[in-house]
Amino acid sequence: MLISKLTPQRLANAFQLWTSYQKARKGYDPVPKGLPMSLSVEPTTACNLRCPECPSGLRSFTRPTGKISAATFEKIIDELHKTLIYLTFYFQGEPYLHPQFTDMVHYAHSKRIYTATSTNAHFLSLENAEKTVKSGLDKLIISIDGTSQETYEAYRKGGKLQKVIEGTQNMVLMKKKLRSRTPHLVFQFLVVRPNEHQINEVRKLTKEMGVNELQLKTAQIYDYQNGSDLLPSDQSFSRYALQNDGSFRIKNDFKDECWRMWQGCVITWDGRVVPCCFDKDAHHVLGNVLEQDFRTIWQSAEYQAFRTQLFNNRSQIEICKNCTEGTRKE
C-alpha cells in the first residue's frame with residue numbers, strides 16, 4: 001500500500017512542495033522547495049504493437065530511441081529515493097521488452113518506493129509473472145481494450161487478446177502461488193468507438209478473472225479538432241466536446257497553473273528530464289541526469305522559466321494544448 005511507503009522525510013518533502021506551489025500561485029517565484037514526490041522513468045521506447053495515437057506504435061519519434069541502462073536508473077534512484085514516494089516505470093514503449101525490467105523494479109522496491117507500470121501483457125509468461133511478483137512491484141496496469149479480438153485489435157494493432165488473457169491469468173496464478181497481495185492488478189480499458197459497446201463485458205471479465213480494479217480511460221487524440229473514428233459516441237467517455245460548427249474542443253478549461261510541475265516529472269531512457277507525460281517526443285528538455293545532478297536541474301533557470309510560463313500563458317505551450325486528466329475509475 002502507498003501509505004506504507006511514507007516516511008517523515010517524504011512527508012516533509014511533500015509538504016514543502018505543496019506549500020511552495022501555493023505560494024507560486026500567489027505570485028511568488030515558481031521554484032519548488034523540495035524534490036519530486038513522484039517520477040516516471042522510461043525503461044524503453046521499443047514496443048511490439050502499432051497502436052494509433054502512440055509515438056511508439058507509429059514509430060514516429062524524432063528523439064533517439066533505446067533502453068535505459070541499469071547504471072542510469074540506479075543513479076536516479078540513489079539521488080531521489082529519500083524523498084520519492086511513487087515511481088512509474090513507463091513513458092513510451094513496452095516495459096517488459098527491457099531485459100532488466102524486474103531487476104530495476106526490485107532495486108526501487110528495496111528503497112521502499114511505491115512502484116507501478118503499464119503493460120500490453122504480451123510478455124507475461126509464467127516466468128515473467130513470477131519475476132514480477134518477486135520484484136515487489138506494487139501496481140500492474142494491463143491494457144485490455146476489447147473483449148473480442150476484433151475490437152481489441154481495432155486499437156491495439158498487431159496485438160492478440162488471448163495473450164492479454166493468458167498473461168493476466170499467469171499474474172493471478174503467481175500471486176496466489178507466492179501468497180502475495182502485490183502487484184495490485186488493474187485492467188485499463190481505453191474507451192474508443194470500436195469497443196465502447198463492450199464496457200459491461202469488460203466489467204464482468206474483470207470480476208471473473210480476479211483482477212483487482214477496472215479503469216475506463218478516455219483516449220488522447222492528436223488531431224482532435226476535426227474529429228476521429230476513435231471518438232466514442234458516448235460523450236462521457238470523450239475528452240473532447242462537439243461544437244456547433246462541427247469541430248471539437250477539449251472539455252476541460254485551461255488554467256494558468258499546473259501542480260504536476262511541482263510534484264513530479266519524467267525521465268527518458270537516455271536521462272533527459274522533461275516536464276510531464278504529455279511531452280512524448282521530449283520537446284522540452286530541461287536537463288540530463290547524466291550531465292548534472294537532479295537537484296540542479298529541478299531548480300535551474302530553465303525549469304523556473306518553464307514554470308513561469310505556465311502561470312503566465314499555459315495555453316501557448318504546445319504540449320499543454322491537448323492536456324487532459326482522462327481516466328475514469330470504476
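Is T62 buried or exposed? In this predicted model, T62 is exposed, because its relative accessible area is 64% and anything over 50% counts that way. You will find T62 in the loop between α2 (55-58) and α3 (70-80). Its partners come from far along the chain: leaving aside residues up to four places away in sequence, T62 touches D281 and H283. The residue A282 is 220 residues from T62 in sequence, yet the two C-alpha atoms are 8.8 Å apart in space.

Let us go back towards the start of the chain, to helix α1. This helix covers residues 8-25, which is 18 residues, and it spans 26 Å from its first C-alpha to its last, close to the 26 Å expected at 1.5 Å a residue. Several of its residues are buried, namely R10, N13, A14, L17, S20, Y21, Q22 and A24. The elements that cover these buried residues include α9 (260-263), α10 (294-298) and α11 (301-313). Just after α1 comes G27, with a positive phi of about 110 degrees.

Next, please turn to a pair of helices, α4 (residues 101-110) and α5. Their axes come within 8 Å and cross at roughly 15 degrees. That angle is under 35 degrees, so α4 is roughly parallel to α5. The crossing of the two is right-handed. On the α4 side the contact is made by T102, V105, H106 and H109, and on the α5 side by K131, T132, K134 and S135. Sorted by class, this contact of α4 with α5 has one nonpolar residue, five polar and two charged.

Helix α5 (residues 126-135) also meets α7 (residues 161-177), and here the axes come within 9 Å and cross at roughly 50 degrees. The two helices are therefore oblique to each other. Once again you can check the hand of the crossing: α5 passes α7 in a right-handed way. From α5, the residues L126, A129, E130, T132 and V133 meet N170, M171, L173, M174 and K175 of α7. The residues of this contact divide into six nonpolar, two polar and two charged. Notice T132, which is listed in the contact with α4 and also in the contact with α7.

Between α4 and α5 the chain offers a few more stops. Leaving α4, look for R112 in the loop between α4 and β3. What is the phi of R112, which is not a glycine? It is positive, at about 60 degrees. Most residues other than glycine have a negative phi. R112 is partly exposed, because its relative accessible area is 44%, and partly exposed residues lie between the 20% and 50% limits.

The strand that follows this loop is β3 (residues 114-119), and T117 is found in it. T117 is buried, with a relative accessible area of 1%. Not counting residues up to four places away in sequence, T117 touches F89, Y90, P95, F101, L137, K139, L140 and I141. One of these, F101, brings us back to α4, which covers residues 101-110.

After the strand, A121 sits in the loop between β3 and α5. A121 also has a positive phi, of about 70 degrees, although it is not a glycine. Buried or exposed, how does A121 count? At 1% relative accessibility, A121 counts as buried.

Further along, past α7, there is a peptide bond to inspect. The bond from T182 to P183 is cis, with omega near 0 degrees. Most peptide bonds are trans. P183 is found in the loop between α7 and β5 (184-191).

Our last stop is L242, which lies in strand β7 (residues 240-242). L242 is exposed, with a relative accessible area of 54%. Which residues does L242 touch, not counting those up to four places away in sequence? They are Q235, S247 and F248. L242 and N226 are 16 residues apart in sequence, and their C-alpha atoms are 9.7 Å apart in space.

Methods:
Residues numbered from 1 in each chain as written. Predicted model: local features only at pLDDT ≥ 70, side-chain atom pairs only at ≥ 80, totals over all residues. Heavy atoms only, no water. Axes fitted to C-alpha atoms, helices over the stretch in contact; angles between N-to-C directions. Helix = DSSP H or I, 4+ residues; strand = E, 2+ residues; numbered from the N terminus. Parallel < 35°, antiparallel > 145°, perpendicular 65-115°, else oblique. Left-handed = near helix turned anticlockwise from the far one by under 90°. Contact = heavy atoms within 4.5 Å. Nonpolar A, V, L, I, M, F, W, Y, C, P; charged D, E, K, R; others polar. Expected span 1.5 Å × (residues − 1). Buried < 20%, exposed > 50% of the residue type's maximum accessible area, 1.4 Å probe, protein only.
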